[in-house]
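Please examine the sequence and the three-dimensional structure shown below. The paragraphs that follow lead through them step by step.

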Amino acid sequence: YGDFNQKIDYVFKVVLIGDSAVGKTQLLARFARNEFSVDSKATIGVEFQTKTLIIDQKTVKAQIWDTAGQERYRAVTSAYYRGAVGAMLVYDMTKRQSFDHMARWLEELRSHADKNIVIMLIGNKCDLGSLRAVPTEDAQEFAQRENLFFMETSALESTNVETAFLTILTEIYRIIS
Ligand code: GDP
């Protein structure tokens, strides 16, 4: 298990972006370590986490970057985007504003990142269904218009987290191989 003595065929850098508190850190913790912590924010300083998986019999090391709180100052540096082949654009489905900001994040992403980057829109916190402020159809429509993959997730309940990362990584693999 793990990377020890393992030949790595590909390293894919994927960045997480979106407003503060939408659940980026917890999505990463869930995917990379199958963990979730209710009182968050040990983010500061953590740059990325990796997870190695097999896609089409190739060993792919996913290097997933978290903003480490930079997004609060709307100053995610261009180094953050450098070399990224995938991006997860995350909003909180109980916070309409975090969805309304997706267009701005997408614009920032497109101005900094490679033009072939694979982008997935993520509506997180789907466990809080009764507090939903963003209809699925609104997000679907936005994703379709902007040519993004789309999924609703819960880092808390582990819903669709693995699927979301696998989907974006498989698509990156398909493009690159
Ligand atoms: P970030 O600032 O985007 O990295 O957001 P965090 O990952 O730190 O999460 C912000 C808050 O939302 C924390 O209190 C988390 O526990 C909570 N949170 C994250 N993901 C979920 C989720 O899927 N469901 C629920 N109910 N809460 C979540």
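**Two unusual loop residues and the central sheet**

Ala-21 is partly exposed, for its C-beta atom has 14 others within 10 Å. A residue counts as exposed at 12 or fewer such neighbours and as buried at 20 or more, so the value for a partly exposed residue falls in between. The model discussed here is a predicted one. Ala-21 belongs to the loop that lies between β1 (10-17) and α1 (24-33). Its backbone deserves attention: the phi angle of Ala-21 is near 75°, a positive value in a residue that is not glycine. In general, most residues other than glycine have a negative phi.

A second residue invites the same inspection. Asp-56 is not a glycine, yet it has a positive phi of about 55°. This residue is found in the loop between β2 (48-55) and β3 (58-65). Is Asp-56 buried or exposed? Asp-56 counts as exposed, because it has 10 C-beta neighbours inside 10 Å.

From these two loops the view may be widened to the whole chain. The protein chain contains six helices and six strands. Read from the N terminus, these elements follow one another as β-α-β-β-α-β-α-α-β-α-β-α. Along the principal axes, the C-alpha atoms fill a box of roughly 45 × 35 × 30 Å. A compact globule of 177 residues would have a radius of gyration near 16 Å, and the 15 Å of the protein chain agrees with this. Of the 177 residues, 38% are buried. Among the contacts with a separation of 6 or more, 73% join residues that are 24 or more positions apart in the chain.

How are the strands arranged? Six strands form an open sheet with mixed pairing, in the order β2-β3-β1-β4-β5-β6. At the edges stand β2 and β6 (149-152), each of which pairs on one side only. Neighbouring strands of this sheet are turned against each other by 25° on average, with direction ignored.

Within this sheet, β5 is a useful strand to follow. Strand β4 (residues 86-92) and strand β5 (residues 118-124) run parallel and are joined by seven bridges. Among the bridge partners, Tyr-91 is matched with Gly-123 in β5, and Asp-92 is matched with Asn-124 in β5. β5 also pairs with β6 in the parallel sense, over four bridges. In that pairing, the partner of Ile-122 in β6 is Met-151. Together, β5, helix α5 (residues 136-146) and β6 make a right-handed β-α-β unit.

How many residues of β5 are buried? Seven of its seven residues are buried, and the strand is mostly covered. The cover extends to both faces of β5: Val-118, Met-120, Ile-122 and Asn-124 are buried on one side, and Ile-119, Leu-121 and Gly-123 are buried on the other.

Helices lie across this strand as well. α1 lies across β1, β2, β3, β4 and β5, and runs at about 45° to β2. Helix α4 (residues 102-112) lies across β1, β4 and β5, and runs at about 165° to β4. The strand β5 is thus a suitable place to return to in the display: it pairs with β6, is bridged to β4, and has both faces covered.

Methods: Residues numbered from 1 in each chain as written. Predicted model: local features only at pLDDT ≥ 70, side-chain atom pairs only at ≥ 80, totals over all residues. Helix = DSSP H or I, 4+ residues; strand = E, 2+ residues; numbered from the N terminus. Rg over C-alpha atoms; globule rule 2.2 N^0.38 Å. Contact = placed C-beta atoms within 7 Å. Pairing = 2+ DSSP bridges. Axes fitted to C-alpha atoms, helices over the stretch in contact; angles between N-to-C directions. Right-handed = clockwise from strand over helix to strand, strands pointing away.
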